[in-house]
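Trainee: Before we use any descriptive term for this model, could we go through the reasoning behind each one?

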Amino acid sequence: MDFEPTSRAKAFHDKLFDFFNQEVLPLHRDWVRQVMRERREPDFLSALQAKARAEGLWNLALPDLTDDQPGTGLTNLEFAPLAEIMGRLPWGSQVFNCQAPDVPNMAMLQALATPDQKTQWLDPLLNAATRSAFAMTEPDVASSDASNIATKMAFEGDKVRINGRKWFATGGAHPDCSFLIVMGVSDPDAARTERQSMVIVPTTAPGVTISRTLNYLGWEDHVAPIAQIELDNVVVPAQNLVGERGRGFKGAQVRLGPARIHHAMRCIGMAEMLVELMIVRARERTAFGRSVIDYDTIQRWIGEARVEIDMNRLAVQRCAWLLDQEAARDSWRPVSMIKISVPNMLQKIADRALQIFGAMGGLDDLPIHHAFAYARWFRIGDGPDEVHLRQIFRSEPQPEWALKDSPYLSVPNLGEQKLRVAE
Ligand SMILES: Cc1cc2nc3c(=O)[nH]c(=O)nc-3n(C[C@H](O)[C@H](O)[C@H](O)COP(=O)(O)OP(=O)(O)OC[C@H]3O[C@@H](n4cnc5c(N)ncnc54)[C@H](O)[C@@H]3O)c2cc1C
């Protein structure tokens, strides 16, 4: 493994760093005012996206672009430091068309969509001309076990009829979201993991109702508002099937790798931003006759944050590097590991930032509140910690020897000891 950035990666990093500091960060106050307070789309976003695109800073998160698709084709490892910069602001990724859930949806369509589907659904996403959502989770079943998904998908000739209820479809409540990728049961009698299919459902199809927008821990995802959706006798063409019928589970894996690693990369950037905020705030406040930065507890928290950020960054980079190796593309284990470790790291650092800022820390005047909510949801979204840990446990090599035969056991086995005492 060589983590030294390539000259191409360095050049992109420097360019994006300058663009972010000069063009994006100064607009953050406007973004908060317009989007969070006045509840409207930012009036500067399209122009800013056009500027980023003209600079070649567009679709940086998709390694498998074809020559006729706009973007850079950076590897996952090359993208990691760029995602960190974007992750510093809740809306940073959107400027460069690198936001969830559109990127994982694009990656899945690149891999599985037919040429017609690519023209109709993928190309507009690549050009930020539309938005999308992935609708798997359901309020009525434990969706961390995706085989519980109950939405019905009846294939009737050249049509599919869909009935069900979804929630937590990130992006589904955005006014520009034109389609959902819906997971449902098409083949109820097939094996447990071969019952589900994925179908593209336009949000304008009769029977689709976005019944409400969901806030998570008080955070409304303004970039990709989260929807609860009713699907009542929705009928779409059977050619909207994504990938093979009954192979929805396998197909969904294609989007989960990029989704998880990109969230982890953004989390590292958020943690860096929090450390800066903590230092600045602690330096500027005096309590009980001392600068807050001079208290051992505060110095220890910041020191620990540095250790945890650097360790997690290395794990994310290793994971990105592995995903870049063709043979390791299906490698879920390193992805699961960072999916657990990184949000737990961010949650701890965000909690300490909240503490250092005192009452102010919890206000939505600062991005600490966003970072905390992001860390907390990421411990559940894309699979709860417990599910990933169980899978890691199950893939752990099981030693074939019994303890009594182990060379690590330096005392005779207990049964023999008892016999000798009896003699
Ligand atoms: C902010 C946010 C955004 C999301 N975005 C999307 C999206 O875009 N599309 C989408 O389809 N879904 C999305 N989700 C949903 C998310 O993927 C699910 O919430 C998640 O898979 C868990 O499903 P559940 O909520 O039904 O919890 P349940 O399945 O009911 O699980 C609840 C708890 O049970 C425990 N548990 C479950 N299995 C095990 C196990 N094997 N071992 C030990 N304990 C276990 C865990 O503690 C788990 O948290 C989002 C969620 C959030 C919070």
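Mentor: Let us begin with a proline: Pro 101 is found in the loop between α5 (92-95) and α6 (102-112), and please keep in mind throughout that this is a predicted model.

Trainee: What makes the peptide bond that joins Ala 100 and Pro 101 a cis one?

Mentor: The value of omega decides it, since the bond between Ala 100 and Pro 101 has an omega of about 0° and is therefore cis. As background, most peptide bonds are trans, and most residues other than glycine have a negative phi.

Trainee: Which sign does the phi of Phe 288 have, and what is its value?

Mentor: Phe 288 has a positive phi of about 55°, although it is not a glycine, and this residue sits in the loop between β9 (286-287) and β10 (290-291).

Trainee: Why is helix α1 called roughly parallel to helix α4?

Mentor: The two helices, α1 (residues 7-24) and α4 (residues 76-87), pack at an angle of about 10° with their axes 9 Å apart. Angles under 35 degrees count as roughly parallel, and the angle found here therefore makes α1 roughly parallel to α4. On the α1 side the contact is made by Arg 8, Ala 9, Phe 12, His 13, Leu 16, Phe 17 and Phe 20, and on the α4 side by Glu 78, Pro 81, Leu 82, Ile 85 and Met 86.

Trainee: How many nonpolar, polar and charged residues does the contact of α1 with α4 have?

Mentor: Sorted by class, that contact has 9 nonpolar, 1 polar and 2 charged residues.

Trainee: What makes a space in the model a cavity as opposed to a pocket?

Mentor: In a cavity a 1.4 Å probe fits but cannot get out, whereas a pocket is an open set of points. The structure holds 3 cavities of 30 Å³ or more, and about 70 Å³ of space lies in the largest cavity.

Trainee: Which residues line the largest cavity, and from which domains does the lining draw at least three residues each?

Mentor: The lining consists of His 28, Val 32, Met 36, Pro 90, Trp 219, Asp 364, Asp 365, Leu 366, Pro 367, His 369 and His 370, which by class gives 6 nonpolar, 3 polar and 2 charged residues. Both α2 (28-37) and α11 (368-378) supply at least two residues each, with the largest share, 3 residues, coming from α2. At the level of domains, at least three residues are drawn from each of domain 1 (7-99) and domain 3 (250-394).

Trainee: How do you know where the second largest cavity lies with respect to domain 1 and domain 2?

Mentor: Domain 1 (7-99) and domain 2 (131-242) both give residues to the lining, so the second largest cavity lies between them. The residues that line it are Trp 31, Val 35, Glu 41, Pro 42, Leu 45, Gln 94, His 174, His 222 and Val 223, and its volume is about 40 Å³.

Trainee: What is the volume of the second largest pocket, and which helix gives the largest share of its lining?

Mentor: The second largest pocket has a volume of about 370 Å³, and α8 provides the largest share of the lining, namely 6 residues. There are 18 lining residues, of which Met 273, Glu 276, Leu 277, Leu 366 and Pro 367 lie nearest the centre of the pocket. By class, the lining has 11 nonpolar, 2 polar and 5 charged residues, and it draws at least three residues from each of domain 1 (7-99) and domain 3 (250-394).

Trainee: How many residues of domain 1 and of domain 3 are in contact?

Mentor: Taking contact as heavy atoms within 4.5 Å, 17 residues of domain 1 are in contact with 19 residues of domain 3, while the C-alpha centres of these two domains lie 20 Å apart.

Trainee: Which residues does Asp 187 contact, leaving aside its neighbours within four places in sequence?

Mentor: Asp 187, in the loop between β4 (177-185) and β5 (196-202), is in contact with Glu 194, Arg 195, Ser 197, Arg 245 and Gly 246, once those neighbours are left aside. For Arg 245, which is 58 residues from Asp 187 along the chain, the C-alpha atoms of the pair are separated by 8.3 Å.

Terms used:
Residues numbered from 1 in each chain as written. Predicted model: local features only at pLDDT ≥ 70, side-chain atom pairs only at ≥ 80, totals over all residues. Heavy atoms only, no water. Axes fitted to C-alpha atoms, helices over the stretch in contact; angles between N-to-C directions. Helix = DSSP H or I, 4+ residues; strand = E, 2+ residues; numbered from the N terminus. Parallel < 35°, antiparallel > 145°, perpendicular 65-115°, else oblique. Nonpolar A, V, L, I, M, F, W, Y, C, P; charged D, E, K, R; others polar. 1 Å grid on protein atoms, 1.4 Å probe; cavity = no way out; pocket = protein on both sides within 12 Å on 5 of 7 lines; lining within 4 Å. Points joined across faces, edges and corners; volume = space filled by probe spheres on them. Domains from an automatic or database assignment.
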